[in-house]
Amino acid sequence: MPGAESKSTPVETTVTRSDDTTTRRLFFALWPPASIRRQIAGERDAIGPVSRQRVPAHNYHLTLLFLGDQDADQLGNIQSLGDALVGESFELALDRWGFFDQARVAWLGARAPKACLELADALKSGAEALGLEFPTRPFVPHLTVFRRVAPPFSPCRIEPIGWFVRDFSLIESIPHQPYQVLRSWHLE
Ligand code: 2AM
C-alpha cells in the first residue's frame, strides 16, 4: 500500500513557465515509454478511421487523477504529494478498446491491478488532504486515442500490449502545446 512514510526521488526536475499565469491545469498520469506509444499507434492504425480527431502519439497518457485548474501557488504542495508517495510498480495489459458515450472518446484500456488502484487512491486522498477541489469521476484506466467519435463504437478485445509501469508523472496541460511532464517519480 502506498504511504507517506518515506520520500521518493523525482526522476525529472520541475519545468517552470515563463508566463505569470495564476492557474495551472494539472493531472497525475502514467506516461508511456516510446515503445508503448508505438504499439498504441499501431492499434489506432489497425482499427481504421474511427474519427479524424486522433490524439497525437506524444500526448498518450493514462490519467490517475485529474486536478484541473489549480492555483499556481499550490504547485509545490501538489509536487510534494508525489514526493511523499511510495507506490509499487505493476504491469498493465492494454487489452481492449472502449468508448465513453458522453465524452465521445475511444480509448485503449486495461484492468487495473491492485497497485495501480492504490496509486490512484493515494493521489486522490493526498489531494483531498491538501484541500484541493477537483472533479471526481470513477477511475477507469484508459488512454484516449480518438476524440469526437461518432457512435456507434463497438468495444472489442485486442492482443494485449504489456506495459511495465515503473513511474508516474505530474503533467500540465497548456493550450496548443504538447502535454508537459513537470515531474516523474519512481515506483518501487
Ligand atoms: P480523457 O482522455 O478521457 O478525455 C487531461 O485532460 C486528461 O484528464 C485526459 O486524460 C482526460 O481524460 C482527463 N480529464 C479531463 N477532464 C476530466 C475530468 N473532469 N475528470 C477526470 N478526468 C478528466
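A residue is buried if its relative accessible area is under 20%, exposed if it is over 50%, and partly exposed in between, with a 1.4 Å probe and protein chains only. The structure is a predicted model, in which local features need pLDDT of at least 70 and side-chain atom pairs count only at pLDDT 80 or more, while totals for chains, interfaces and linings use all residues. Residues are numbered from 1 along each chain as its sequence is written, and side-chain values use heavy atoms, with hydrogens and water left out.

**Exercise 1. Classify L81 as buried or exposed, and place it in the chain.**

Step 1. The relative accessible area of L81 is 14%, so L81 is buried.

Step 2. L81 belongs to helix α2, residues 75-84. Helices (H or I, at least four residues) and strands (E, at least two) are DSSP runs, numbered from the N terminus.

Step 3. From the C-alpha of L81 to that of S125 is 9.7 Å, and 44 residues separate the two in sequence.

**Exercise 2. Describe the secondary structure and the burial of the protein chain.**

Step 1. The protein chain has three helices and nine strands.

Step 2. Their order along the sequence is β-α-β-β-α-β-β-α-β-β-β-β.

Step 3. Of the 188 residues in the protein chain, 45% are buried.

**Exercise 3. Describe the shell of residues around the ligand.**

Step 1. A residue is counted as near the ligand if one of its heavy atoms lies within 4 Å of it. The residues found this way are F27, H61, T63, F66, P135, R137, H142, T144, R147 and Y179.

Step 2. Sort the shell by residue class. Ala, Val, Leu, Ile, Met, Phe, Trp, Tyr, Cys and Pro count as nonpolar, Asp, Glu, Lys and Arg as charged, and the others, Gly among them, as polar. The shell then holds four nonpolar, four polar and two charged residues.

Step 3. Sort the shell by element. At least two shell residues come from each of β3 (62-71) and β6 (142-147). β6 gives the largest share, three residues.

**Exercise 4. Which polar side-chain atoms face the ligand, and how much of the ligand is covered?**

Step 1. Use the polar contact as the criterion: a pair of N or O atoms within 3.5 Å; within protein, one must be able to donate a hydrogen and the other to accept it, and residues adjacent in sequence count only if both atoms are side-chain atoms.

Step 2. In the side chain of R137, an N or O atom is 3.3 Å from a nitrogen atom of the ligand. The side chain of H142 has an N or O atom 2.7 Å from a ligand oxygen. For T144, a polar side-chain atom is 2.6 Å from an oxygen atom of the ligand.

Step 3. On its own the ligand has 480 Å² of accessible area, and the protein covers 82% of it. Such areas come from the Shrake-Rupley method with a 1.4 Å probe; for residues, only the protein chains shown count as cover.

**Exercise 5. Describe the setting of H61, a residue of the ligand shell.**

Step 1. H61 is in the loop between β2 and β3.

Step 2. Its relative accessibility is 12%, so H61 counts as buried.

Step 3. The H61 side chain has a polar contact of 3.3 Å with the side chain of T63. The H61 side chain also reaches the backbone oxygen of N59, at 2.8 Å.

**Exercise 6. Examine the backbone at R104, R148 and P152.**

Step 1. R104 is not a glycine, yet its phi is positive, about 55 degrees. R104 is in the loop between β4 (90-100) and β5 (105-109). With a relative accessibility of 36%, R104 is partly exposed.

Step 2. R148, also not a glycine, has a positive phi of about 50 degrees. The loop between β6 and β7 holds R148. Its relative accessible area is 59%, so R148 is exposed.

Step 3. The peptide bond between P151 and P152 is cis, with omega about 5 degrees. P152 is in the loop between β6 and β7 (156-165).

**Exercise 7. Place R52 and relate it to R148.**

Step 1. R52 is in the loop between α1 (34-47) and β2 (53-54).

Step 2. With a relative accessible area of 86%, R52 is exposed.

Step 3. R52 and R148 are 96 residues apart along the chain, and their C-alpha atoms are 8.1 Å apart.
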